[in-house]
Amino acid sequence: MGDRSCGRRHGRLGALTRSVPVARGRFPSPAVAAERALTDRYPGAVTSNQSRSLPIPDGLHGERVDAALARMFGLSRTKAAELAEQGLVSIDFKPAGKSEKVRGGAWLEVELPPPPGVEPFDVTAIAEPVPGMRIVHDDEDIVVVDKPVGVAAHPSPGWTGTTVVGGLAAAGYRISTSGAAERQGVVHRLDVGTSGLMVVAKSELAYSVLKDAFRERTVDKRYNALVQGYPDPMSGTIDAPIGRHPKLDYKWAVTADGKDSVTHYDTIEAYRRATLLDIKLETGRTHQIRVHMAALHHPCVGDLTYGADPTLAQSLGLTRQWLHAARLAFAHPATGERVEFASPYPEDLQHALDLIAAES
């Protein structure tokens, strides 16, 4: 069909949110809000040592650390104080004492004791080579990798495959020890089924600076996605909250009580049966691109979980969603200079794209 970039229309697709009834008058407790914040940021993150990373609710502003922990996680004040005394609590990446006052919106990281009856899982990343993982950049502070599909960012309960952290360890890289034990050095992540660029912190300075940059949304993360059909408008913004699917716990969905989620997209080229998009995330929710495109009825090609056509996927030889983290740019944590990195499409995605282009 050729390029439809001429005459493209721009729009903000916030109308998605208006079709969802909003429940009023009931708000989650701080503990429930904390759990939602955790699971939104780290899907399936119920680790045995309960590593939690989340913002402190505004309603707890001015409370002591032990009091805030007690209210957020249902602990006794004594137990909360013990966690702080053991160095298991940090606020804005600095150790926090039990009597310090908290600030609403500050970033909390805490290691909670495992629930009764839960056996600890080994959070140590196994040093195991990752076939196909490419080092794009390496210096004293950061290492940028091109992650292949089928590889997790870090260890997690139930995951027995390879990880980026384990791959780096096998290659002799030493990374930052900041962060929860299973996520040391990891400042952002890609889903197992998504390929592309990830930056990992090697120094403590890099970890702190990059965590701030991702939280403040100053990192430019660009994805390319091949989606079914033709999004209308051809360039736009999807502003629709994302939360757990109401019926299927392995999926996410646009929901009234979800987290604010904003996706910007622009058409690269339109083909006969699909459109190649350049996508910039303003937020970083789990499955955000996949959920937002499915909500527009233009799922990523090959994404059967979110309603893609299985016949089209099979004809293209795709066994996963056509989604790739293609570009990454940020201020270098040590020098402040802007650095930019790019990743070519993996063989399976390039093959599918070539077939789509050939038939157009």
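**Reading cavities, a helix and a sheet**

The largest cavity in this predicted model has a volume of about 50 Å³.

Trainee: How many cavities of 30 Å³ or more does a search of the whole structure find?

Mentor: The search finds two cavities. The second largest has a volume of about 40 Å³.

Trainee: Which residues line the largest cavity?

Mentor: Its lining consists of His188, Leu190, Leu197, Lys221, Arg222, Tyr223, Ala325, Arg327 and Leu328. Two elements, strand 9 (220–228) and strand 15 (323–331), each give two or more residues to this lining.

Trainee: What classes of residue make up the lining of the largest cavity, and what classes make up that of the second largest?

Mentor: Around the largest cavity there are five nonpolar residues, one polar and three charged. The lining of the second largest cavity has seven nonpolar residues, with no polar and no charged ones. Those seven are Ile56, Val65, Ala68, Leu69, Ile91, Val102 and Leu108. Helix 3 (residues 65–73) supplies the largest share of them, three residues.

Trainee: Let us turn to helices. Where do residues three or four places apart point in an α-helix?

Mentor: An α-helix has 3.6 residues a turn, so residues at that spacing point the same way. Helix 6 offers a case to study. Its buried residues are Ala206, Tyr207, Leu210, Lys211, Ala213 and Phe214. Seen down the axis of helix 6, these buried residues fall within an arc of 160°, so they line one face of the helix.

Trainee: What span should the twelve residues of helix 6 have, at 1.5 Å a residue?

Mentor: Helix 6 (residues 204–215) should span 16 Å, and its end C-alpha atoms are 17 Å apart, which agrees. After the helix comes Arg217, which has a positive phi, near 65°.

Trainee: How should one read the strand order of a sheet? What is the order in the open sheet of four strands?

Mentor: One reads the strand numbers across the sheet. Here the order is 2-5-3-4, and the pairing is antiparallel. Strand 2 (51–55) and strand 4 (94–95) are the edge strands, since each pairs on one side only.

Trainee: How many bridges join strand 3 and strand 5?

Mentor: Strand 3 (residues 89–91) and strand 5 (residues 107–111) pair over three bridges, in the antiparallel sense. As an example of a bridge partner, Val89 has Val110 in strand 5.

Trainee: Where do the sheet and the second largest cavity share a residue?

Mentor: Ile91 belongs to the lining of that cavity, and strand 3 covers residues 89–91. Leu108 is also in the lining, and strand 5 covers residues 107–111.

Definitions and conventions. Residues are numbered from 1 along each chain as its sequence is written. This is a predicted model: local features need pLDDT of at least 70, side-chain atom pairs count only at pLDDT 80 or more; totals for chains, interfaces and linings use all residues. Side-chain values use heavy atoms; hydrogens and water are left out. On a 1 Å grid over the protein atoms alone, a cavity is a set of points where a 1.4 Å probe fits but cannot get out, and a pocket is an open set with protein on both sides within 12 Å along at least five of seven lines; lining residues have an atom within 4 Å of a point. Grid points are joined across faces, edges and corners, and a volume is the space filled by probe spheres set on the points. Ala, Val, Leu, Ile, Met, Phe, Trp, Tyr, Cys and Pro count as nonpolar, Asp, Glu, Lys and Arg as charged, and the others, Gly among them, as polar. The expected span of a helix is 1.5 Å times one less than its number of residues. Buried means under 20% relative accessible area, exposed over 50%, partly exposed in between (1.4 Å probe, protein chains only). The arc is that of the directions from the helix axis to the C-beta atoms. Two strands pair if DSSP finds at least two bridges between them.
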